Amino acid sequence: MLVFAGRSSEELAAKVAAEGNFYPGSMERKTFPDGELYVRVCTDVENNDCTVVASVTGNDDLVDLALLLDALRDQKARTVSAVVPYLAYARQDKVFEPGEALSAKTVVKLLSALTDELATFNCHFLDESGAADYHDMRIDNLDAFTPLAEYFREKLDDPIVVAPDKGSLGYAKKAANVIGCDFEHLAKTRHSADEVSYEEKDLSVAGRDVLILDDIISTGGTIVSSAQFIRRQKPASINVGCVHGVFARGTHDLKKTVDRLVATDTIQRAESKVSVASVIAGRLEK
Ligand code: R5P
């Protein structure tokens with residue numbers, strides 16, 4: 001198996017290759033003066049199974065990945081698969097106004113057309129982990145909450161997991177199981193992309209180490225508001241774990257509000273204390 005790296009996932013792809021004893025594929029990249037991307041596969045891939053580990057955090061990542069996948073096929077790789085730890089555009093998974101592009105479907109369609117297999121982590125439009133059919137396309141939804149929970153199991157004295165909304169209850173429950181503690185959820189109402197509020201609720205968090213888990217932190221509004229709500233009930237500490245640290249507004253407000261902020265490396269950040277490399281390597285070994 002040859003493992004190639006997307007432009008935003010070089011560190012993670014190297015870890016995957018090391019963990020699974022796979023060969024790292026070599027390539028050349030450059031950007032033309034007008035901003036267009038150039039990709040060249042430098043390893044002989046003919047009749048080899050190739051996987052690209054490439055988070056798509058923005059438009060250039062998507063183009064880079066598409067070029068690389070197509071080049072691997074052109075070079076006669078036996079199979080070409082993509083593990084896209086973070087899949088941008090996945091959050092527009094419903095049409096709210098007539099005529100809106102369903103970006104989640106468009107991106108999956110593009111990547112499915114260029115691959116034999118496609119996997120991602122804790123995908124916004126899928127409720128369960130494992131293989132799923134999405135608009136007649138197959139996508140494998142890998143889970144990063146288990147390694148996140150294992151990380152916090154070692155760090156917290158008297159933990160309780162709190163889901164910031166009903167939608168995150170499933171993985172909060174699963175993480176609580178891994179940690180061996182109880183869990184609660186908050187009732188969130190989203191007023192705009194930036195603003196959320198919480199219904200009053202008594203939680204059993206006083207004097208305890210709260211762990212708020214979320215699949216994604218984008219603006220940080222959900223976590224800041226939920227942490228402020230929980231803080232009023234006097235926990236010993238507030239810890240936050242997320243799979244995808246988008247941090248569209250930076251981490252300043254988040255770090256001012258919570259005691260510990262940890263992300264996985266689906267997006268490489270200073271807060272990426274938990275790696276998903278072994279989950280990817282395990283899947284590729286199958
Ligand atoms: C909601 O469905 C998600 O699980 C996250 O809670 C949400 O996307 C986080 O967004 P933000 O950081 O902008 O509040």
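This report describes the two largest pockets of a predicted model and the residues that line them.

Local features in this predicted model need pLDDT of at least 70 and side-chain atom pairs count only at pLDDT 80 or more, while totals for chains, interfaces and linings use all residues. Residues are numbered from 1 along each chain as its sequence is written, and side-chain values use heavy atoms, without hydrogens and water.

A pocket is an open set of points on a 1 Å grid over the protein atoms alone, where a 1.4 Å probe fits and protein lies on both sides within 12 Å along at least five of seven lines; a lining residue has an atom within 4 Å of a point. Volume is the space filled by probe spheres set on the points, which are joined across faces, edges and corners.

| Pocket | Volume | Lining by class |
|---|---|---|
| Largest | about 1300 Å³ | 13 nonpolar, 14 polar, 12 charged |
| Second largest | about 260 Å³ | 4 nonpolar, 4 polar, 6 charged |

In these classes, Ala, Val, Leu, Ile, Met, Phe, Trp, Tyr, Cys and Pro are nonpolar, Asp, Glu, Lys and Arg are charged, and the others, including Gly, are polar.

The largest pocket has 39 lining residues, with Arg91, His124, Asp165, Asp215 and Ile216 closest to its centre. Strand S14 (209–217) is one of the elements that supply at least two residues of this lining, and S14 gives the largest share, 4 residues. Helices (H or I, at least four residues) and strands (E, at least two) are DSSP runs numbered from the N terminus.

Around the second largest pocket stand 14 lining residues, and Glu117, Gly282, Arg283, Leu284 and Lys286 lie nearest its centre. Here H8 contributes most, with 4 residues.
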